[in-house]
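Here's a walk through one chain, starting from a single residue and working outwards. Keep the 3D view open while you read.

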Amino acid sequence: MPDKLGVVNPLKPGETPRAPWIVGVSGASGTPYAAAVLRGLLDAGESVDLVVSRTSRLTLLDETGISFRDAHWQDDLREWLARGADGKPDVHAADVARVRYWSAGDLAAGPSSGSYPAKGMLIVPASTACVAGVALGLSKDLLQRAASVTLKERRKLVVAVRETPLNGQTLRHLVTLDDAGASVVPASPAFYAGATHIQDLVDFVAGRVLDAAGVPHGLYRRWEGELGGGAGASRTSRTDNG
């Protein structure tokens, strides 16, 4: 397949074409959600193309203290993915070898074209400004452009909107995205899975995003029709943790 400079790199014998999930991170609060989704994709053996908006860098700095830099994106991403939802460093293993990073201002990047091989796109978290831009087809940066391409190519687009309350204008934009074939997944944690830690709540939302994309994971306890199962899981977890 062609690289960023347009040079065709033939596949080696037995090698399969790279078909990544594009992950767009907008400026809404909720960078731990994005980290959990990225870890989930990588744990499932998926390749990832990452687009981090300019405003999301400010949110990431505010929520984690991490400065995300184009020239050092691998080190910064590794530090981000290793951090727990409670802010503790070096909680998770983080192998970023299957991640390709694209600058949000690079409108000539691979994901800006429908001919670029991608499985789909996950926007997590999605700000209301991002939702509006995608719904209106503005394509003001690579994140919005990649989302527009995903819709026009009829690929899976999952939008994890993170805002409350939602006004009528944003609700209409979300309906527009739903009509266009996107899956709208509000960042709304549930408690039936027996959450005992902030990471459990984050992983539930990340798991629902991956569910909408059809990516297998084990991020949360699924409902099995048994009342009290979540409470039992909570008691077990509290016992195990002392």
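Let's begin with Ser53, which touches Val25, Ser26, Gly27, Ala104, Asp141 and Leu143, leaving aside residues up to four places away in sequence; contact here means heavy atoms within 4.5 Å. Ser53 sits in the loop between β2 and α2 (54-64). Its relative accessible area is 5%, so Ser53 is buried. Buried stands for under 20% relative accessible area, exposed for over 50%, and partly exposed for anything in between (1.4 Å probe, protein chains only).

A quick word on where this comes from: it's a predicted model, in which local features need pLDDT of at least 70 and side-chain atom pairs count only at pLDDT 80 or more, while totals for chains, interfaces and linings use all residues. Residues are numbered from 1 along each chain as its sequence is written, and side-chain values use heavy atoms, with hydrogens and water left out.

Now the overall layout. The chain has eight helices and six strands, in the order β-α-β-α-α-β-β-α-α-β-α-β-α-α from the N terminus. Helices (H or I, at least four residues) and strands (E, at least two) are DSSP runs, numbered from the N terminus. Of the 242 residues, 48% count as buried. Among contacts with a separation of 6 or more, 70% are between residues 24 or more positions apart.

The six strands make an open sheet, ordered β3-β2-β1-β4-β5-β6 with parallel pairing. Its edge strands are β3 (99-103) and β6 (183-184), each pairing on one side only. Two strands are said to pair if DSSP finds at least two bridges between them. Here are three of the pairings:

| Strands | Sense | Bridges | Facing residues |
|---|---|---|---|
| β1 (21-25) and β4 | parallel | four bridges | Gly24 and Ile123 |
| β4 and β5 (156-161) | parallel | five bridges | Ile123 and Val159 |
| β2 (48-52) and β3 | parallel | five bridges | Leu50 and Tyr101 |

How many of the seven residues of β4 (120-126) are buried? Seven of the seven, so β4 is largely enclosed by the rest of the structure.

Helix α5 (142-152) tells a similar story: nine of its eleven residues are buried, so α5 is largely enclosed too. The buried ones include Leu143, Ala147 and Val149. Helix α5 lies across β1, β2, β3, β4 and β5, running at about 135° to β4; axes are lines fitted to C-alpha atoms, for helices over the stretch in contact, and angles run from 0 to 180 degrees between N-to-C directions. Asp141, one of the residues touched by Ser53, caps the N-terminal end of α5, with a side-chain oxygen 3.3 Å from the backbone nitrogen of Leu143. Just after α5, Arg154 takes a positive phi of about 60°.

Finally, the aromatics. There are seven aromatic pairs in the whole structure, where rings of Phe, Tyr and Trp (its six-membered ring) pair if their centres lie within 6.5 Å, and planes under 30 degrees apart count as stacked, over 60 as edge-to-face and the rest as tilted. Phe68 and Trp80 are edge-to-face, at 6.4 Å centre to centre with 80° between the planes. Phe68 is in the loop between α2 and α3 (73-82) and Trp80 is in helix α3, twelve residues apart. Both Phe68 and Trp80 are buried. Together with Trp73 and Tyr101, they form one aromatic cluster.

Key. A polar contact is a pair of N or O atoms within 3.5 Å; within protein, one must be able to donate a hydrogen and the other to accept it, and residues adjacent in sequence count only if both atoms are side-chain atoms.
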